[in-house]
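Colleague: Could you take a close look at the aromatic rings and describe how they are arranged?

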Amino acid sequence: MAVIEAGFGGPISYFAQLLGASEPAIRLLYTVILGYPLALFHRHYLFGKSPALQNLFFISCGLSFGFYNYGYDILHSVLCVFIMYFILITIGGTFKSVIISFVFFMGYLLAGYYFTGTDEYDIKWSMPHCVLTLRLIGLSYDLHDGQKPQEKLSEEQKKTALKRCPSLLEIAGHTYFFGGFMVGPQFPMKRYLDFIDGVFKEKTFSGKPSCVNAGFTSLGLGILTLIIQQIGAILIPEKSLLSEAYMEFPFWKKLMIMGIWGKLVLYKYIAIWLISEGSCIITGMTYNGTDKSGCDTWDGCTNVKLWDFTKTTTFQGGIRAFNSNTNLWLGQYVYKRMKFLGNRYISQAAALMFLATWHGLHSGYYVCFMNEFIVMYFEKDVETLITHRLPRVKELLLESALRFLVRPLMKIYMDVMMGYCLVPFVFLSFWRYMEIYGSMYFFGYILYFGWPLVAILLKLVIPKVKTEKEL
């Protein structure tokens, strides 16, 4: 590791000081950007060649990236790859293999959090390992689904189910694919196998494929987002909500600052995901068919839909557009597997509890995803009440000229409350985020926990509008 640091420690330290970021963060960014020349090399010289050769290339790249960032701690991922292969060749395809994989890999990740965690958000070996954990659990599910009759699978499961056990080389190639190993995105083994087998060959290897332009567009958007985030962080630093100056601001100003602060926090993740996705696109692995105009689409591994995230006025829209591949994974492998519970709210709560645990052991993660649950409940309940009891009011507010006033107000509400919900996720420690909430009189919890009582009163006063069928 010392040899590597000697080569890059100087420039990395310089840029870290220049940007006001940590050295691990700059090193990670540098690694993700290195994916672009590697993606171009693969597309020109390795695409369509022997799958074994491609697997070896991805393994060597991913392990090199991991060693550069985390040293010998990268061996944690190597051990888990071998254990996953052992599970699959012994009991793979059974429900028992799914349970063992789920418990073991989540347990391994949590042990990593326990032994390496601090009071801050840490860039350590546990970061790529959390990505790997979902990948390996999903793999055990996919092989289990592949043993079921086709008619018993959902449309999603049909796209990811595996009929055969992947080889050790394929599991390692899938794990260390440089475009997704460090920070994601998630993608199933079936997509990876199709990719190295050349299923998308005619779309990515003839002439100048559109994936190259799409990939560099993603890079440009990622860099632009990062620049905006860095400029914004100068004006509103991430820790500014704990400052004495913030505590003394009037309530309305705290709200406005919190809304902007929340956007800047999320832009960090959006930037790195867009940059990482671009290298995946250039390789051609993200091919996702054609759109209505017949043009190739490269959104098969999209983790953030930037325009949708920017313009949405609802939490539901924000969640769908942000970290979307992880949310799809959660929906397919956790939420939808809990239909037997018979209650979507219980299933949603269980899925969010899993998501919080996957992020780490800090109480802030659990409070953050509890916030998501109560906000989504509030939003859905308000929408249902207005739709079924005040349809004309809804039409007036959202379809008449008043929408030009109402929608900006909805956007401000959404951004401010998104920031409010993110406070525990960023500050992690109970006393730190409670200090911030206390300075704002816990208004968010008063709103969301008070809503069920208000809703009962409103439903007593406002009758439900009868539909044409009921008439």
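Modeller: What follows is an account of the aromatic pairs, beginning with one of them. This is a predicted model, in which local features need pLDDT of at least 70 and side-chain atom pairs count only at pLDDT 80 or more, while totals for chains, interfaces and linings use all residues. Residues are numbered from 1 along each chain as its sequence is written, and side-chain values use heavy atoms, with hydrogens and water left out.

A search of the whole structure finds 48 aromatic pairs (rings of Phe, Tyr and Trp, the last by its six-membered ring, with centres within 6.5 Å; planes under 30 degrees apart count as stacked, over 60 as edge-to-face and the rest as tilted). Tyrosine 30 and tyrosine 68 form an edge-to-face pair, with 6.1 Å from centre to centre and 65° between the planes. This pair links distant parts of the chain, since tyrosine 30 belongs to helix 2 (residues 23-46) and tyrosine 68 to helix 3 (residues 51-70), 38 residues apart; helices here are DSSP runs of H or I with at least four residues, numbered from the N terminus. Tyrosine 30 counts as partly exposed because its relative accessibility is 30%, whereas tyrosine 68, at 8%, counts as buried (buried means under 20% relative accessible area, exposed over 50%, and partly exposed in between, with a 1.4 Å probe and protein chains only). The ring of tyrosine 68 also has the charged end of arginine 27 sitting over it, 5.7 Å from its centre, where the criterion is CZ of Arg or NZ of Lys within 6 Å of the ring centre and within 35 degrees of the ring normal.

Technical notes
Helix = DSSP H or I, 4+ residues; strand = E, 2+ residues; numbered from the N terminus.
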